[in-house]
Structure formats: structure tokens, C-alpha cells
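Grab a pencil and work through a few exercises on helix packing, a ligand shell and a nonpolar core. Try each task before you peek at the solution.

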Amino acid sequence: MNNWLLFVHILAAMVWLGGGLTLLIVGLRARASSRPEAIAEFAGAVPYVGLRVLMPSVVLLLVTGVWQVLASSAWKFTQLWVVIALVLFAIAFLIGAVYMSRVGIALARAGANAATNRASASAALNRWLAGYVVVLIVLLLAVWDMIFKPGL
Ligand code: HEM
């Protein structure tokens, strides 16, 4: 059972990190594109991928992470590495759910007007890209924390 929880947990982390990284690369491509529709297309892809790929993996990651701590006598919620994991998860989740969704709405609006106002569409895209770089760095720190388990 514990191995299956770890299996799903690692898979969810791979999908969140890999999916986020792919989205970031697609966003960089849209920024470099000379086609005005490129930013609007990217703005449309973000919630599509977010709801179908990122959101389910975020939920699965937390559920299987907490479940593993509850299921194993080796792990406790008072251990430093588990506390760090929960804090990093909360930071990545809050940036993703609160900041990124607001920037995503602004990006969709600015992307729709990119033909007439490319500068504001690019600025919104830059804010989105910067936000997601932070999310990915937080997730990388979480992978480090999971493997090195500081405090153990
Ligand atoms: C924030 C995003 C997270 C990422 C990217 C992540 C990633 C990972 C990875 C890659 C492993 C495999 C490490 C190994 O087997 O050596 C792992 C294991 C584990 N994770 Fe997470 N995790 C995250 C959040 C959490 C949270 C919030 C919890 C619990 C509250 C948690 C609990 C665990 C446990 C108990 C293990 C098993 C450790 C072991 O068997 O050595 N994780 N995680």
C-alpha cells in the first residue's frame, strides 16, 4: 500500500513539475512569436491545461503525501522535512491558485487585444512567466526536501 501511495505521489509531482515546465516553454515561445494571436492562444491553453493536468496532480500530490505520513510509523507531522513540505506546498499552491489565476485572467484579456496593444499583452505574459518560474523553483525545493529530508 505504502509503495502505491509513493508511486502516485511521485507521479503527481512529475506531472505538476513537467506540465508546468512545458507550459513555461510554450509561454516563452508565445512571447518570442511575431503573431499577435500567439499570446491569446497561450492564454487559452493555460486554464485548459491547468484544470485537466495541473489541478488533479496538485490534489493527488497533497492527498498521497499526507496519507503516507499518516500510514507510516516512520513519518510524523512534527518532523522538519514534513513541515517544510507542507509550507512549500502551501506556497506553490497559493501562488498557483491566487496570484497565477489573477494574472491568467489579465493575460486572457490583454491577449485578446494583442493586435492593437502588444505591449500590455507582453507585460501580462511576462508576469505569468515570472510567477510560474517561482512556482517551479518552490517545487524543485520540495523535491530536494523530499529526498534529503533535513532534520532526519
Ligand atoms: C510540494 C510538493 C511535493 C513534491 C514535489 C514532492 C515530491 C516527492 C518525491 C519526488 C518523493 C520521493 C522521494 C524519495 O522516495 O526519496 C516524495 C516522497 C514523499 N513525500 Fe512528497 N512531495 C511534495 C509534497 C509532499 C507533502 C505536502 C507531503 C506530506 C505532508 C509529502 C510527503 C511525502 C512522503 C511521506 C514521502 C515518502 C518518503 C520516503 O518514503 O522516503 N510530500 N515526495
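Here are three exercises on this predicted model.

**Exercise 1. Work out how H3 and H4 are oriented and what their contact is made of.**

Start with the geometry: the axes of H3 (residues 80–112) and H4 (residues 118–148) come within 9 Å and cross at roughly 165°. Angles over 145 degrees count as roughly antiparallel, so H3 is roughly antiparallel to H4. Next, the hand: the crossing of H3 and H4 is left-handed. Finally, sort the residues of the contact of H3 with H4 by class, and you get 26 nonpolar, five polar and two charged.

**Exercise 2. Describe the shell around the ligand: which residues are closest, and which helices supply it?**

First, count: 22 residues surround the ligand. The closest are Ala 13, Gly 65, Gln 68, Ala 142 and Met 146. Then go helix by helix: H1 (2–32), H2 (37–71), H3 and H4 each supply at least two residues of the shell. Last, check the classes, where the shell has 19 nonpolar and three polar residues, with no charged ones.

**Exercise 3. Find the residues that touch the most other members of the largest nonpolar core, then say which helix gives the largest share.**

Begin with the members: the largest nonpolar core holds 30 residues, and those touching the most other members are Trp 16, Ile 39, Leu 107, Ala 124, Leu 125 and Trp 128. Now trace where the core comes from: H1, H2, H3 and H4 are the elements that give two or more residues to this core. The largest share goes to H2, with nine residues.

Key:
Residues are numbered from 1 along each chain as its sequence is written. This is a predicted model: local features need pLDDT of at least 70, side-chain atom pairs count only at pLDDT 80 or more; totals for chains, interfaces and linings use all residues. Axes are lines fitted to C-alpha atoms, for helices over the stretch in contact, and angles run from 0 to 180 degrees between N-to-C directions. Helices (H or I, at least four residues) and strands (E, at least two) are DSSP runs, numbered from the N terminus. Angles under 35 degrees count as roughly parallel, over 145 as roughly antiparallel, 65 to 115 as roughly perpendicular and the rest as oblique. A crossing is left-handed if the near helix is turned anticlockwise from the far one by less than a right angle, and right-handed if clockwise. Ala, Val, Leu, Ile, Met, Phe, Trp, Tyr, Cys and Pro count as nonpolar, Asp, Glu, Lys and Arg as charged, and the others, Gly among them, as polar. A residue is near a molecule or strand if its C-beta atom, placed from the backbone, lies within 6 Å of it. A nonpolar core is a set of buried Ala, Val, Leu, Ile, Met, Phe, Trp, Tyr and Cys residues joined through C-beta atoms within 7 Å. A residue is buried if 20 or more other C-beta atoms lie within 10 Å of its own, exposed if 12 or fewer, and partly exposed in between; C-beta atoms are placed from the backbone.
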